[in-house]
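Let us walk through a structure step by step, from strands to core. Keep the sequence and the 3D view side by side as you read.

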Amino acid sequence: QIQVVESGGGLVQPGGSLRLSCAVSGSGFNVYTMAWYRQAPGKEREAVAIMTSSGYTKYHDSVKGRFTISRDNAKNTVTLQMNSLKPEDTAVYYCNRGTYSGDYRPDYWGQGTQVTVSS
């Protein structure tokens with residue numbers, strides 16, 4: 001059974017940084033694409049960053065230059081380093097695992113971790 005568990009959310013002031021972590025159980029982590037999504041109150045869930053097994057990354061335009069996704073295949077973990085945070089980054093952030101072939105198709109999701117950017 002695959003489990004996806006996020007950690008690292010919290011309250012941060014505008015301009016601050018947070019690092020989200022995600023641990024995935026099960027085998028074959030290295031062959032899957034990993035991604036971070038977020039959902040703000042009253043808004044659709046959106047993809048923030050993805051990273052394929054080969055290291056290709058893709059970011060939402062609103063976070064380019066501020067967020068960085070990385071993975072450690074030896075530890076089955078993926079992280080999202082978030083810098084220069086803005087109030088509009090406030091959302092529940094979800095980690096997921098999936099496949100990427102032009103389009104990304106997640107299959108397992110975590111429970112989410114709250115990120116609040118406020119002074």
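Which residue in β10 is the bridge partner of G98? It is P106. Keep in mind while looking at this pair that the model is predicted. G98 and P106 are one place to begin with the pairing of β9 and strand β10 (residues 103–109), which is antiparallel and runs over six bridges. The two strands form a hairpin with one residue between them. In this hairpin G102 takes a positive phi near 90°. Strands of a sheet pair through backbone hydrogen bonds, and the pairing can be parallel or antiparallel.

Now turn to an open sheet. Four strands form it, in the order β1-β3-β8-β7, and their pairing is antiparallel. β1 (4–7) and β7 stand at the edges with a single partner strand each, so one side of each has no neighbour in the sheet. From one strand to the next, the twist averages 15°. Within this sheet, β7 and β8 pair in the antiparallel sense over six bridges. To find a spot where they face each other, look for R71, which stands opposite V78 in β8.

Stay with β8 and pick out T79, which is found in this strand (residues 77–82). Is T79 buried or exposed? Its relative accessible area is 9%, and the cut-off for buried is under 20%, so T79 is buried. Leaving out residues up to four places away in sequence, T79 touches R19, L20, S21, W36, T68, I69 and S70. With S70 there is also a polar contact, made between the two side chains at 2.6 Å.

The loops on either side of β8 come next. Between β7 (67–72) and β8 lies a loop that holds N76, and K75 has its place in this loop too. N76 counts as buried, at 18% relative accessibility, whereas K75 counts as exposed, at 61%. N76 has a positive phi of about 55° although it is not a glycine. K75 can be used to compare sequence with space: K75 and F29 are 46 residues apart in sequence, but their C-alpha atoms are 9.1 Å apart.

On the other side, the loop between β8 and β9 (91–101) contains S84. S84 also has a positive phi, of about 50°, and is not a glycine. With a relative accessible area of 42%, S84 is partly exposed.

How many disulfides does the structure hold? It holds one. A disulfide is a covalent bond between the sulfur atoms of two cysteines. Here the two cysteines are C22 and C95, and their sulfur atoms are 2.1 Å apart. The link is left-handed, with -80° about the S-S bond. C22 lies in strand β3 (residues 18–24) and C95 in strand β9, so the disulfide ties together parts that are 73 residues apart in sequence. Both ends are out of reach by the cut-off used above: C22 is buried at 1% relative accessible area, and C95 is buried at 0%.

C22 leads on to the nonpolar core. The largest such core has 26 residues, and C22 is among those with the most contacts inside it, together with W36, F67, L80, M82 and Y93. The elements that give two or more residues to this core are β3, β4 (33–39), β5 (46–51), β7, β8, β9 and β11 (113–117). β3 gives the most, with four residues.

Y93 is a useful residue from which to view the surroundings. Apart from neighbours within four places in sequence, Y93 is in contact with E6, L20, W36, Y37, R38, V48, F67, L80, M82, G112, T113 and V115. Among these contacts are W36, F67, L80 and M82, which were named above for their contacts inside the largest core. Y37, another residue that Y93 touches, belongs elsewhere: a second, separate core of five residues includes A35, Y37, I50 and Y104.

Terms used. Residues numbered from 1 in each chain as written. Predicted model: local features only at pLDDT ≥ 70, side-chain atom pairs only at ≥ 80, totals over all residues. Heavy atoms only, no water. Buried < 20%, exposed > 50% of the residue type's maximum accessible area, 1.4 Å probe, protein only. Polar contact = N/O pair within 3.5 Å; in protein donor to acceptor, adjacent residues only side chain to side chain. Contact = heavy atoms within 4.5 Å. Pairing = 2+ DSSP bridges. Disulfide = S-S within 2.5 Å. Axes fitted to C-alpha atoms, helices over the stretch in contact; angles between N-to-C directions. Core = buried A, V, L, I, M, F, W, Y, C linked by side-chain atoms within 4.5 Å.
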